[in-house]
Amino acid sequence: MSTPKFRVAICGGGVGGLVLAVALSRYPDIRVDIYESSTSFTEAGAGVGLWPRTWKIMEALDLHRDLKKVAIVPPGKVPSQYGLIPPDRTPPLTIPPDVSFTFRKADQPIGISFHQLMKPGEVYCYLIDRIHADGSEGMLSFHRPDFLNVLTQHLSDSSCRTHSSKRLVSYRYEQQTSPSRRRSHHPPITLQFHDGTAAQCDLLIGADGIQSAVRGCMLREAAGKSRANGRVQEANELLSEIEPRWSGMTMYRTTISSEALNRKLSRHRVLHEPMVYVGTNTQVTAYPVARGTQVSVAVTRVQLDLENTPVDGPWIQTSSREDLIHEFDHWEPEVQAVLQCVQSMSRWAIHTSPQLKSYVSGRVGLIGDAAHAMLPYESVGSGQAIEDAHLLATLLGHPSTTIDTLTRALETYDRVRRPFIQMVGEGSKENALLYTLNYPSLRFDEPERHDEKRLQRLSEVCHRIKKNWEWVWNTTLEGDIDRALGMLENRR
Ligand SMILES: Cc1cc2nc3c(=O)[nH]c(=O)nc-3n(C[C@H](O)[C@H](O)[C@H](O)COP(=O)(O)OP(=O)(O)OC[C@H]3O[C@@H](n4cnc5c(N)ncnc54)[C@H](O)[C@@H]3O)c2cc1C
């Protein structure tokens, strides 16, 4: 390529990093290098779920056609042996509008179904398999390696280079030695990798996930400056933003065999009905996947008194059914049947990042989980990383953005995205409390009764959950992009 207008280094080739690189590939005068710590860019991992708000970005980046080919299409509500589509039948691409999650209070001998989130646009999660081209409103889900693989295929051959097995350890602004560089006031940033190698760039974007090395470096540098200026408290606050914090939530995830579940409890409800079973401090989401041959199970336990305490051992571990099953002694039989079918589970100690006062500093910025890892209670972590990437790339690609105005583009990104994402994070936190019946005014601690008041409270739980989802269903990023461009162009 001819001399680029500036060189961007993206640290981390996960969802946010790769989308940023794809989005920057539209600007041939921006040179992009992606440094990923893993040996490949498509390492195994959990799923990626995209709501229509994010899907519009995939369309704008021309990724949608290839992504559709690898989307997971779950079963519709077609009757079969288990009330599902048989494995050899292709499910329809549109599903009846009544597919929904049923909410059931289940931490009692006989549970009570208290709400259904219905109709496209009101549906909670995963199961809605419409391929959004028809204007529908559900979530599309993908296996993470398939999703990342499509992204890597859309990187520019001429302006973008990928580097695997490159774990960033630190960065520093280079001393200005050459007279021409001194005049430009923009010393390069030197990246130091774990394998002893180094590289340079003009702009560094940390897309390196919740334990971001870039965030650590950025905050230590800012704290150093504050301390040097006598602002000791500010320095300490900045340092306290480096480490992620345990939310007190542990999530157990697995899939079980539909056949085994049917044997355990004939025509079990979750074989044909996506369920959210709620109880105080514990919640189970179960729904059919793999064309009805399996059931996805996610159990969340909340220990609010342990919030912000350290977690011993790895954050993700394998766990056995015995670790969990005693928690459900008093739950209704249909939940116990699900758990009795579990072989093993992966156990995740769910961490979040502290609320940062800024996502940028000088010519360094953070996107995705590096900036704002949140609780997975709105299923938008990947979507928010993608939104960051798209908006930031639009600002960087703007004709007025040059090496002289990079900091202005970054500050605009920060001003537009940070308040919005903090609002999203708060909603996700509130949903976590609602799903585990921990919301302060809507608790269920007293002895079991089914009076009107309790039912009203349960319905209020659902009303609030729905409210917290509304932005996902009813808004787009376009307004924010327009606002950001307006700020960059001094229109506002
Ligand atoms: C249990 C759970 C369930 C979730 N469910 C959902 C869901 O349903 N829907 C949803 O949208 N989101 C969900 N999320 C959140 C989602 O997984 C993240 O928000 C998303 O992956 C963030 O993307 P990212 O690009 O910022 O980081 P990541 O995807 O984590 O990518 C970071 C990349 O950086 C690399 N890296 C790390 N350190 C370095 C380094 N020092 N140098 C170089 N490379 C480095 C990593 O190898 C990785 O490839 C869930 C999260 C959890 C924990």
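**Group meeting: sheets and helices in a predicted model**

Helix α1, residues 15-24, lies across four strands: β1, β2, β7 and β11 (203-206). Against β2, α1 runs at about 160°. Keep in mind that this is a predicted model.

A second helix, α6, also packs on this sheet. α6 touches β1, β11, β18 and β19 (364-366). Its direction makes about 125° with that of β19.

Now the sheet itself. It is open, with six strands in the order β7-β2-β1-β11-β19-β18. The pairing is mixed. Which strands are at the edges? They are β7 (160-163) and β18 (360-361), and each pairs on one side only.

Look at one pair inside that order. β1, residues 6-11, and β2, residues 30-35, run parallel. Six bridges join them. As an example, Cys 11 has Tyr 35 in β2 as its bridge partner.

Next, the other sheet on my list. Three strands, β8-β9-β10 in that order, form an open sheet, and here the pairing is antiparallel. β8 (168-173) and β10 (198-201) each have a single partner strand, so one side of each is left without a neighbour in the sheet. On average, neighbouring strands of this sheet are turned by 25° against each other, direction ignored. β9, residues 189-193, is joined to β10 by four bridges, and the two run antiparallel. In one of these pairings, Thr 190 is matched with Gln 200 in β10.

Back to α6, and a helix-helix contact. α6 covers residues 213-228, and α7 covers residues 232-240. They pack at an angle of about 170°, and their axes are 8 Å apart. Angles over 145 degrees count as roughly antiparallel, and α6 and α7 are therefore roughly antiparallel to each other.

Who meets whom? From α6, the residues are Leu 219, Arg 220, Ala 222, Ala 223, Ser 226 and Arg 227. From α7, they are Val 232, Glu 234, Ala 235, Asn 236, Leu 238 and Leu 239. By class, the contact has seven nonpolar, two polar and three charged residues.

Last stop, α13. How many residues does α13 have? It has 30, residues 406-435. From first C-alpha to last, α13 reaches 42 Å, close to the 44 Å expected at 1.5 Å a residue. Yet α13 has a kink of about 30° at Arg 417. The proline Pro 419 comes shortly after that kink. Following the helix is Leu 437, with a positive phi near 50°.

Note on methods: Residues are numbered from 1 along each chain as its sequence is written. This is a predicted model: local features need pLDDT of at least 70, side-chain atom pairs count only at pLDDT 80 or more; totals for chains, interfaces and linings use all residues. Side-chain values use heavy atoms; hydrogens and water are left out. The expected span of a helix is 1.5 Å times one less than its number of residues. The bend at a residue is the angle between axes fitted to the seven residues ending there and the seven starting there. Axes are lines fitted to C-alpha atoms, for helices over the stretch in contact, and angles run from 0 to 180 degrees between N-to-C directions. Angles under 35 degrees count as roughly parallel, over 145 as roughly antiparallel, 65 to 115 as roughly perpendicular and the rest as oblique. Contact means heavy atoms within 4.5 Å. Ala, Val, Leu, Ile, Met, Phe, Trp, Tyr, Cys and Pro count as nonpolar, Asp, Glu, Lys and Arg as charged, and the others, Gly among them, as polar. Two strands pair if DSSP finds at least two bridges between them.
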